[in-house]
Amino acid sequence: MPESTKKTRPRSDIGRYLSDDLRDRYFAACDVLFAKGAPALFEKDVETSFGTTHVYRYGPTDPAAETRTPVVLIHGSGSCSAQWYPNTPALSAERAVYALDTPGDPGRSVHREPMWQPERAAQWLDEALDGLGLDRVHLVGYSYGGWLTLNQALRKPERLASATLLDPRGLEKEGLRFWIWIFVSLFATFAPKALRPRLAAWLEQPVIVIPELRAWIHARVRAFRISRPVPAALTEDELRTIRTPLYLVVGKRSLLVHPKRQAERVPRLVPGARAEIIANTGHGPALDHPELLNGKMLRFMDDTDSLDPASGA
């Protein structure tokens with residue numbers, strides 16, 4: 001077979017789409033969710049050592065707010081920046097907001113080199129922020145994005161004005177109960193329509209009853225394969241070294257972490273950290289209660305800026 005016609009086997013350590021058609025169907029489902037949030041002012045591709053990072057830029061609606069420290073959003077595993085549609089309108093009303101598609105997850109970024117190792121993950125994010133010209137940011141991460149945020153606060157905190165962790169990975173070893181919940185929730189999205197509200201309430205999983213989210217999840221499962229291990233939890237010694245202002249938000253019925261344990265532990269180990277448990281939610285506090293969480297996040301950022309000479313507040 002001529003060299004030019006040989007097919008290259010996909011790398012096992014790189015996330016990938018299974019076909020262009022499935023990718024395009026998934027992107028169409030993403031765009032439905034994007035349309036429900038704030039309109040992006042522009043999109044930009046930033047080159048890093050690990051691939052191209054696709055970025056969405058939002059607001060602020062008040063030009064005077066352009067001088068405030070911006071917000072950077074990092075989505076969860078198996079997701080993309082479309083997940084932030086309930087949050088971008090309120091956040092971008094007061095600050096510039098950048099939402100990053102993490103390479104290795106099903107977004108519009110292009111993944112070329114593995115970056116699941118903690119040092120590499122921190123390097124990727126630092127390079128992405130540098131490519132955007134952002135010297136200081138409020139970093140917000142959900143689930144796996146929460147681990148990326150926590151890891152950044154540990155390894156490359158220089159650009160961080162604050163770090164907000166929304167039911168994050170990286171605080172304790174993930175138990176079997178979380179993975180059972182993930183798989184049961186996925187199967188529940190295929191349940192008959194009459195059963196979905198009951199399943200959504202039982203599983204604390206609104207995806208099951210929101211048609212656009214169900215279509216998005218189904219398209220993603222068909223289109224993309226993630227190739228990385230589960231991140232290891234930070235040790236207590238590592239947490240004690242963090243000096244970035246930290247805000248931990250966990251759902252009262254979270255199955256990823258033990259809420260009461262982490263709400264006590266994190267402020268004890270990280271000087272000045274805040275921790276809060278949100279009622280009537282599990283793993284998705286910002287999706288289940290967006291108005292409440294948007295307000296809390298913005299107040300935390302305002303409080304942090306008021307004590308930070310570098311913020312210009």
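The lining of the second largest pocket is made up of six nonpolar, five polar and five charged residues. The model described here is predicted.

**The pocket**

The volume of this second largest pocket is about 220 Å³. Its lining has 16 residues, and those closest to the pocket centre are Gly 15, Arg 16, Tyr 17, Val 110 and His 111. Three elements each give two or more residues to the lining: strand 1 (16-17), helix 1 (20-34) and strand 6 (110-111).

**Strand 10 and its neighbours**

Strand 10 spans residues 246-251 and is mostly covered, with six of its six residues buried. Leu 246, Leu 248 and Val 250 point one way from the strand, while Tyr 247, Val 249 and Gly 251 point the other way. The residues on both sides are buried.

Strand 10 pairs with strand 8 and is also joined by bridges to strand 11. The table sets out these two partners.

| Partner of strand 10 | Residues | Bridges | Sense |
|---|---|---|---|
| Strand 8 | 160-166 | four | parallel |
| Strand 11 | 274-278 | five | parallel |

Individual positions can be placed within these pairings. Tyr 247 in strand 10 stands opposite Thr 164. Val 249 has Glu 276 in strand 11 as its bridge partner. Between strand 10 and strand 11 the chain passes through helix 9 (residues 259-269), and this β-α-β crossover is right-handed.

Tyr 247 and Val 249 thus appear twice in this account: they point the same way from strand 10 and are buried, and each has a stated position across from a neighbouring strand, Thr 164 for Tyr 247 and Glu 276 for Val 249.

Key
Residues are numbered from 1 along each chain as its sequence is written. This is a predicted model: local features need pLDDT of at least 70, side-chain atom pairs count only at pLDDT 80 or more; totals for chains, interfaces and linings use all residues. Side-chain values use heavy atoms; hydrogens and water are left out. Buried means under 20% relative accessible area, exposed over 50%, partly exposed in between (1.4 Å probe, protein chains only). Two strands pair if DSSP finds at least two bridges between them. A crossover is right-handed if, with the strands pointing away from the viewer, the path from the first strand over the helix to the second runs clockwise. On a 1 Å grid over the protein atoms alone, a cavity is a set of points where a 1.4 Å probe fits but cannot get out, and a pocket is an open set with protein on both sides within 12 Å along at least five of seven lines; lining residues have an atom within 4 Å of a point. Grid points are joined across faces, edges and corners, and a volume is the space filled by probe spheres set on the points. Ala, Val, Leu, Ile, Met, Phe, Trp, Tyr, Cys and Pro count as nonpolar, Asp, Glu, Lys and Arg as charged, and the others, Gly among them, as polar.
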